[in-house]
Amino acid sequence: MAVHEHPHRSPGFHLPAAFRRHRTGTKSAESARLGTHTAQVYALASLRILTGFVFLWAFLDKTFGLGYATASGKGWIDGGSPAKGFLDSVAAGPMESTFHSWAGDTWADWLFMLGLLGIGLAVMAGAALWPAAVAGTAMMVLMWMAEWPPARHLSDGSPSMSTNPFADYHVIYAVALIAVAAAGAGATWGLGRVWARLPIVRDHTWLR
């Protein structure tokens, strides 16, 4: 019997078609997972930068009176009190009288402004995210208590116009700070990796 060679057929071992399809499917699934992970990383980095900008912009506006929440000529450098207006406006909640007593105090202005600056810079830079998250959450808790969303009426009896008894923007900012810190979101578009390599940070991981 004559044996005829077929030049269009390559010699050697061939993987079964089903196995080749499995390998292709595995690669596709892995690519999809990598794509999803990349999207999550960039989304968290964007959230971090935007949240940090909220705090940093508040500091800049209150310091220089940029005409947004703080009118021109009313900034901190012009002799204005950054916290007085907010604390004087507290009109509900169990700490109303306490906040009024703090209004205009130098220590309250400095603590408030240093908090805004430190949190804003740290979160935007992607460094010291856990200290920033703790400080930012404490600030948001105090501001939440000052606005006191659970109240349906202010102390003078007028409607509070509260739209939610709990989850206002202060809660959202606090959760955002905790989320970016827990996810280590400072490594993307930030100084997180550089910060983590510092000796003091390596020895005290809560500084990351």
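**Helical architecture, core and surface of the predicted model**

Of the 208 residues that make up the protein chain, 30% count as buried in this predicted model. The chain holds eight helices and zero strands, so that its elements, read from the N terminus on, follow the order α-α-α-α-α-α-α-α. Among the contacts with a separation of 6 or more, 62% are accounted for by residues 24 or more positions apart. The accessible surface of the protein chain comes to about 13200 Å², and 66% of this area belongs to carbon and sulfur atoms.

The largest nonpolar core comprises 27 residues, of which F55, F99, F112, L116 and M139 touch the most other members. Two or more residues are given to this core by each of helix 1, helix 4 (106-125), helix 5 and helix 6 (169-182), and the largest share, nine residues, comes from helix 5. When residues up to four places away in sequence are not counted, F112 touches K62, P82, A83, M139 and M143; of these partners, M139 and M143 are among the buried residues of helix 5.

Helix 5 itself covers residues 129-147, and because a rise of 1.5 Å a residue gives its 19 residues an expected span of 27 Å, the separation of 26 Å between its end C-alpha atoms agrees with that expectation. The buried residues of this helix are L129, A132, A133, G136, T137, M139, M140, M143, W144, M145 and A146. Helix 5 is followed by W148, for which phi is positive, near 45°.

At the surface, F64, L66, Y68 and I77 make a nonpolar patch of about 450 Å². One of these residues, L66, is placed in the loop between helix 1 (17-64) and helix 2 (84-88), and L66 counts as partly exposed because its relative accessibility is 38%, a value that lies between the limits of 20% for buried and 50% for exposed residues.

The structure holds one salt bridge, in which the side chains of D88 and K84 meet at 2.6 Å, N to O. Both D88 and K84 lie in helix 2, where they are four residues apart, about one turn of the helix. With a relative accessible area of 38%, D88 is partly exposed, and K84 is likewise partly exposed, with a relative accessible area of 38%.

Terms used: Residues are numbered from 1 along each chain as its sequence is written. This is a predicted model: local features need pLDDT of at least 70, side-chain atom pairs count only at pLDDT 80 or more; totals for chains, interfaces and linings use all residues. Side-chain values use heavy atoms; hydrogens and water are left out. Patches are made of residues with over 30% relative accessible area and no salt bridge: like charges are joined within 9 Å, nonpolar side chains (Val, Leu, Ile, Met, Phe, Trp, Tyr) within 5 Å. Accessible areas come from the Shrake-Rupley method with a 1.4 Å probe; for residues, only the protein chains shown count as cover. A salt bridge is a side-chain nitrogen of Lys or Arg within 4 Å of a carboxyl oxygen of Asp or Glu. Buried means under 20% relative accessible area, exposed over 50%, partly exposed in between (1.4 Å probe, protein chains only). The expected span of a helix is 1.5 Å times one less than its number of residues. Contact means heavy atoms within 4.5 Å. A nonpolar core is a set of buried Ala, Val, Leu, Ile, Met, Phe, Trp, Tyr and Cys residues joined through side-chain atoms within 4.5 Å.
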